[in-house]
Amino acid sequence: MGLPIGATDPDPSVVPNIARIRDYWVDGTNHTEEDRRLAQRIELCAPHIPYLVRAQRSLVRRMVRHLMRAGVTQFLDLGSGLPNAHYVHHVAHAEDPRARVVYVDADTSIEPDSRALLDGTDNTAFVVADVRRPAELLAHPEVTALIDPDRPVAILMIELLLHIPDADDPAGLVRSYVDALPSGGHLALSHFGEDDQVLAGFRIFESLRFGQWPAVSLRSRDTLERFFDGLDLVAPGVVPVPLWRPDSEDEVDRNPEKVRMYAGLGRKP
């Protein structure tokens, strides 16, 4: 989900930030009053979005546990946001403290908080980089210091492709990372589908003059499935987020098939 345009203060500690807004929605502590105010405006226009953010966070925890138990102990989280609130390294290290996690985000304003959140935690790093430049990112010294390219690694693209327009060739971007995976590596994706409720929320937000929402790319379930071409989809395939290996009945929405946010996990043969 993109950040609405409208704030005019250039100070990044003041301007509302989507990573900190997500932090607010998952009950973290790394957000400001300005972030909370914008989050509440978003909720007014699209009240289901905080639920989707929390559902997606729960999805990541389930995927990481599955991967760790399948023997994958390296994670590259692209477009990660803040590494907070029981996220990838918390889940991985609960299974094995030797697991290695690199978070990557292009947002320089969250770097200080992100590094503070990881301070004192072994086998983790936060890297500021443009994920649209795979070769540069994979050669980054903080990435190569932790990630062994000859051992299975999981690349997480959770909501990332929402911000990659068709003109930037998202399928080609995915393919570049998949090509870099060794056998046994995995790709995890989630993506907002073509959801009239989301689009209506954007229009309401702008009509109330809360700001201007940037263009985002909503894509169909079929499109998301094509991003996994050449990979073996892990059961249950590409499904609405609540239906991807829920831990309990409590995690399943009352009408999960109506959730227009899809997820899947693929393994490289």
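**Helix packing and salt bridges: group meeting talk**

Okay, let's start with helix H3, residues 49-69, and helix H4, residues 88-95: they pack at an angle of about 35°, and their axes are 9 Å apart. Keep in mind that this is a predicted model. The crossing of H3 past H4 is right-handed. On the H3 side, the contact is made by Val-60, Arg-61, Val-64, Arg-65, Met-68 and Arg-69, and H4 brings in Val-88, Val-91, Ala-92 and Glu-95. If you sort those residues by type, you get 6 nonpolar, no polar and 4 charged.

Staying with H4 for a second: which of its residues are buried? That would be Val-88, His-89, Val-91, Ala-92 and His-93. And what covers them? H3 is one of the elements, and the cover also includes strands S1 (74-78), S2 (100-105), S3 (124-128) and S4 (154-158), plus helix H5 (111-118).

Now over to the other helix pair. Helix H1, residues 18-25, and helix H2, residues 33-45, cross at roughly 75°, with axes that come within 9 Å. So H1 is roughly perpendicular to H2. From H1 you've got Arg-20, Ile-21, Tyr-24 and Trp-25, and they meet Asp-35, Arg-36, Leu-38, Ala-39, Gln-40, Ile-42 and Glu-43 in H2. That contact divides into 6 nonpolar, 1 polar and 4 charged residues.

You'll have noticed Arg-36 in that list. Its side chain also meets that of Glu-33 in a salt bridge, 2.7 Å from N to O. The two are 3 residues apart in H2, so about one helical turn separates them. Arg-36 is partly exposed at 24% relative accessible area, and Glu-33 is partly exposed too, at 38%.

Right, salt bridges in general: the structure holds 12. Another one within a helix is Arg-175 with Asp-179, where the closest N and O atoms are 3.8 Å apart. Both sit in helix H8, 4 residues apart, about one turn. Arg-175 counts as partly exposed at 31%, while Asp-179 is exposed at 52%.

Then there's Asp-166 with Arg-219, at 2.9 Å between the closest N and O atoms. Asp-166 is in the loop between S4 and helix H8 (170-180), and Arg-219 is in the loop between helix H9 (196-207) and helix H10 (221-226), so this pair ties together parts 53 residues apart in sequence. Buried or exposed, then, for Asp-166? Exposed, at 60% relative accessibility. Arg-219, on the other hand, is buried at 6%.

Last one: Glu-111, Arg-115 and Glu-142 are linked in a salt-bridge network. That's it from me.

Definitions and conventions
Residues numbered from 1 in each chain as written. Predicted model: local features only at pLDDT ≥ 70, side-chain atom pairs only at ≥ 80, totals over all residues. Heavy atoms only, no water. Axes fitted to C-alpha atoms, helices over the stretch in contact; angles between N-to-C directions. Left-handed = near helix turned anticlockwise from the far one by under 90°. Contact = heavy atoms within 4.5 Å. Nonpolar A, V, L, I, M, F, W, Y, C, P; charged D, E, K, R; others polar. Parallel < 35°, antiparallel > 145°, perpendicular 65-115°, else oblique. Buried < 20%, exposed > 50% of the residue type's maximum accessible area, 1.4 Å probe, protein only. Salt bridge = Lys/Arg side-chain N within 4 Å of Asp/Glu carboxyl O.
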